[in-house]
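Visitor: I would like to learn how to read a model of a protein with DNA. Please take me through some features one by one.

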Amino acid sequence: MPELPEVETTLRGIEPHITGHLIAQFTVHNGSLRWPVTGGISEIVQGQRVVAVTRRAKYLLLQLERGSMMVHLGMSGSLRLVDPSEARRKHDHIEMLMSNGKCLRYHDPRRFGAWLWSENGHRQLDHLGPEPLTEDFGADRLFLLSRNRKMAIKPFIMDNHVVVGVGNIYAAEALFRSGIRPDREAGKVSRVRYEKLTVNIKDILQAAIVQGGTTLRDFVNGNGEPGYFQQTLMAYGRGGQPCYQCQKELRDIRLGQRSSVFCPSCQR
DNA sequence: ACACTAACCTGCAAGC
DNA sequence: TGCTTGCAGGTTAGTG
């Protein structure tokens, strides 16, 4: 799944083909997602115009005339624009036929994703921290929020209350570039190192967006094309292999049930 | 408030 | 060949 760059890539791929058009038909083939999607949703959204498509954290928001649909891709979700005549694949759970003839298909083998309709906002968005690529996210915030926190720094920067959009891949990469061990206690990292980390988080996310995201197994953008950022990964997925900087063997430890690769020599 | 675990589900690779 | 195990991009709900 999709971290922030993959969601942003998806947004840019589908937005121009969706915005301004009517939802002609909305079909739920399998509504057993994180929260059940009932067939009744179809009657509500059909006939409504898509006013805008935006992103908040890893959520996509389809703004309709009388409310909004919040879409999350979970771990294995993807959205693709297809010709309606194209055969539906296994795990294509939801499809949205637009008045311009385009069909948006939601594919999600693990079904950790979500499609939620609301007329007046989504409570999931209420507690979210700042967007990483805006001025609202800076080193001061990381430094202040981390004081007296015993938690390891990697789960700390992956906490959506702290900052959104930093998932397992980009957390590992940002810490590698910053020379910070992922298991370092968040409250003991200096302000100077948080400044470096902040810059690296922003740089990496931005670079990944430019390259169309990271495709590990099956991520595709709105047009079915893969991303290329995986060619840039220095740490993620490289446990046991030599560090590109010092040739020492990269270690793979578990933090908060997530694999965390780092270089014991370059990261302290 | 904080720290930590288990859970949701399918697919795939590795090991026996 | 098959069976079992563990792991995978995220988030929430529940425990102390």
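Guide: We will go through the domains, the cores, one helix and the DNA contacts. This is a predicted model, in which local features need pLDDT of at least 70 and side-chain atom pairs count only at pLDDT 80 or more, while totals for chains, interfaces and linings use all residues. Residues are numbered from 1 along each chain as its sequence is written, chains are lettered from A and ligands numbered from 1 in the order in which they are written, and side-chain values use heavy atoms, without hydrogens and water.

Visitor: What are the domains of chain A?

Guide: Domain bounds come from an automatic or database domain assignment. Here the assignment gives domain 1 (4-125) and domain 2 (139-262). Their C-alpha centres lie 28 Å apart.

Visitor: How many residues does each domain give to the contact?

Guide: Contact means heavy atoms within 4.5 Å. Domain 1 supplies 17 residues and domain 2 supplies 18 residues.

Visitor: How should I read a nonpolar core?

Guide: In soluble globular proteins, nonpolar side chains tend to be buried together. A core is a set of buried Ala, Val, Leu, Ile, Met, Phe, Trp, Tyr and Cys residues joined through side-chain atoms within 4.5 Å; buried means under 20% relative accessible area (1.4 Å probe, protein chains only). The largest nonpolar core has 27 residues, and Phe26 and Trp115 are among those with the most contacts inside it. A second, separate core has 26 residues, including Phe156 and Tyr194.

Visitor: Which residues does Phe26 touch, leaving aside neighbours within four places in sequence?

Guide: Phe26 is in contact with Ile41, Ser42, Val45, Gln46, Met69, Ile94, Glu95, Met96 and Trp115.

Visitor: Is helix H5 mostly covered or mostly open?

Guide: Helices are DSSP runs (H or I, at least four residues), numbered from the N terminus, and strands are runs of E of at least two. In H5 (residues 168-178), 10 of 11 residues are buried. Those buried residues pack against helices H1, H4 and H6 and strand E10. Just after H5, Gly179 has a positive phi of about 70 degrees.

Visitor: Which residues surround DNA strand B?

Guide: A residue is near a strand if one of its heavy atoms lies within 4 Å of it. Among those around DNA strand B are Arg34, Lys90, Phe112 and Gln257.

Visitor: Where are the polar contacts to phosphate?

Guide: For protein and DNA, a polar contact is a pair of N or O atoms within 3.5 Å. A polar side-chain atom of Arg111 lies 2.6 Å from a phosphate oxygen of DNA strand B, and one of Arg149 lies 2.7 Å from a phosphate oxygen. Lys150 uses a polar backbone atom, 2.7 Å from a phosphate oxygen.

Technical notes:
Buried < 20%, exposed > 50% of the residue type's maximum accessible area, 1.4 Å probe, protein only. Polar contact = N/O pair within 3.5 Å; in protein donor to acceptor, adjacent residues only side chain to side chain.
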